[in-house]
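User: I would like a close look at a single part of this chain, followed by how the rest of the chain is put together. Please keep to plain terms.

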Amino acid sequence: MDATNTAALAIRGRWAVAAIFFMNGFLMGSWAPQIPVLLTRLEISEFTLGLLILVFGAGAVTAMSWCGYLISRHGSQKIVRWFAAVGTLGLLAVALAPNVPLAAVAMFFFGGLIGAMDVAMNANAVIVERRLGRAIMSSSHGFWSLGGFAGGGLGGLAIQNFGHLAHAAGVTVAAVAITALALAHVSVDDKPEAQRQQRKFSLPTNPLIYVVGLIALFSMIPEGAVLDWAALYLRQELGADLATAGFAFACFAGTMAVIRFLGDAVRNRFGAVATMRASSLIAAAGLLVAGLSPSPWLAIAAFAFCGIGIANMVPIAFSAAGNQPGVSSGAGMSVVTTMGYSGLLVAPSAIGFVGERTGFAPVFIAVAGLLLVVFVMSGLVRGADFEKASP
């Protein structure tokens with residue numbers, strides 16, 4: 001009976017953390033179609049918008065840097081609950097901001113909540129994996145992409161028909177409902193207090209871990225570029241309406257979701273290195289076509305194709321980080337996730353600065369070049385093949 005109850009709790013915890021991943025992705029996807037509105041509503045330049053996006057990234061990275069300490073003291077379950085509950089208000093705070101200074105405060109707040117939630121939900125997914133005795137991380141990220149698809153796909157239509165405030169309010173209500181259903185079933189950590197006795201953290205001396213971090217960085221820059229700038233690219237350079245522009249990130253996230261649900265099986269069959277090589281070439285081709293596209297719908301299709309490639313790149317890099325000889329799993333993951341998320345949360349601000357002067361078409365073409373660098377370095381993710389790892 002106890003074993004049956006334990007299994008049932010683990011299964012509920014698995015779906016609870018999946019719902020949190022979905023909600024986090026839904027908020028991020030819903031933010032994408034709000035970006036062009038923020039530009040016109042506050043009457044700011046793309047340079048200023050880039051600074052605001054940088055503030056969002058700074059909030060996220062700041063929260064990520066100390067969220068691990070909170071998890072070590074209180075356990076991932078409590079931290080997921082705290083930040084998921086408050087995080088539902090982040091998008092609404094940005095949508096209500098009437099001027100640039102308040103928008104900056106709201107963006108830092110929103111980014112911090114999203115970043116802390118991200119760390120906590122990934123940590124809790126590891127707890128669920130231990131309880132179930134099988135991997136769920138790739139599919140958990142699939143739920144994040146599914147949420148991004150829903151948020152991006154519905155967001156442009158909702159803003160166009162009901163306005164940005166009504167859209168943000170509707171997203172908040174939906175996020176609160178999902179969170180309320182999920183939080184009661186989030187898995188409890190085994191012994192969070194034991195983590196307090198771990199040795200003081202120090203950076204790894206093995207240079208290979210930083211190269212893997214570079215792979216994660218170059219894999220996540222395209223995701224951040226599509227999230228923050230694809231809608232504006234379609235709207236300003238390809239003449240798409242707001243509803244159509246919202247489909248850029250939605251289709252990108254949708255294909256990512258599908259492939260991430262298949263990710264573990266694909267990697268097990270073909271190996272991490274071959275999967276990374278094929279994925280990087282597919283992603284590079286998609287971004288190249290998007291940057292050269294003469295029409296919005298071809299660009300949307302190209303972004304969707306890019307999502308097929310991007311889907312498995314980050315999970316493979318993270319797996320490789322946790323399986324480097326001579327480097328503890330925690331230290332490796334800390335370095336690589338920090339470097340990787342900088343590509344998603346901070347690099348898009350630099351992309352905005354460049355895009356204001358050159359247009360975004362050349363930017364997407366240049367980012368495709370980073371994915372070719374990942375192709376060249378793909379052999380360094382061999383540690384993600386658990387069958388080949390050292391016993």
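Analyst: Glu43 sits in the loop between α2 (34-41) and α3 (46-74). The model is predicted, and every value below is computed from it. Which sign does the phi of Glu43 have? The phi of Glu43 is positive, about 55°, although Glu43 is not a glycine. Is Glu43 buried or exposed? Its relative accessibility is 72%, and because exposed means over 50%, Glu43 counts as exposed.

The helix before this loop gives another picture. Glu43 follows α2, and α2 is mostly covered, with 6 of its 8 residues buried. The buried residues of α2 are Gln34, Ile35, Pro36, Val37, Leu38 and Leu39. So the loop residue Glu43 counts as exposed, whereas α2 is mostly covered.

Now the chain as a whole. The chain contains 17 helices and 0 strands. It has 391 residues, and 56% of them count as buried. Take the contacts between residues at least 6 apart in sequence: 86% of these join residues at least 24 apart.

Asn124 is one residue to look at with that in mind. Its place is in helix α6, which covers residues 100-132. Asn124 has a relative accessible area of 0%, so it is buried. What does Asn124 touch, once its neighbours within four places in sequence are left aside? Asn124 is in contact with Val17, Ser76, Gln77, Val80, Val186, Ser187 and Asp189. A separation in sequence can also be set beside a distance in space: Asn124 and Arg14 are 110 residues apart in sequence, and their C-alpha atoms are 9.2 Å apart.

Next comes a pair of helices. In general, two packed helices are described by the angle between their axes and the distance between the axes. Helix α11 (residues 247-270) packs with helix α13 (residues 296-310) at an angle of about 30°, and the axes are 7 Å apart. Because angles under 35 degrees count as roughly parallel, α11 is roughly parallel to α13. The crossing of α11 and α13 is right-handed.

Which residues make this contact? From α11 come Phe247, Ala248, Cys251, Phe252, Thr255, Met256 and Ile259. From α13 come Trp297, Ile300, Phe303, Ala304, Cys306, Gly307, Ile308 and Ile310. By type, the residues of the contact divide into 13 nonpolar, 2 polar and no charged. An α-helix has 3.6 residues a turn, so residues three or four places apart point the same way.

Each side of the contact includes a cysteine: Cys251 on α11 and Cys306 on α13. How many disulfides does the structure hold? The structure holds 0 disulfides. The relative accessibility of Cys306 is 0%, so Cys306 counts as buried. Cys251 is at 22%, and because buried means under 20%, Cys251 counts as partly exposed.

Methods. Residues numbered from 1 in each chain as written. Predicted model: local features only at pLDDT ≥ 70, side-chain atom pairs only at ≥ 80, totals over all residues. Heavy atoms only, no water. Axes fitted to C-alpha atoms, helices over the stretch in contact; angles between N-to-C directions. Helix = DSSP H or I, 4+ residues; strand = E, 2+ residues; numbered from the N terminus. Parallel < 35°, antiparallel > 145°, perpendicular 65-115°, else oblique. Left-handed = near helix turned anticlockwise from the far one by under 90°. Contact = heavy atoms within 4.5 Å. Nonpolar A, V, L, I, M, F, W, Y, C, P; charged D, E, K, R; others polar. Disulfide = S-S within 2.5 Å. Buried < 20%, exposed > 50% of the residue type's maximum accessible area, 1.4 Å probe, protein only.
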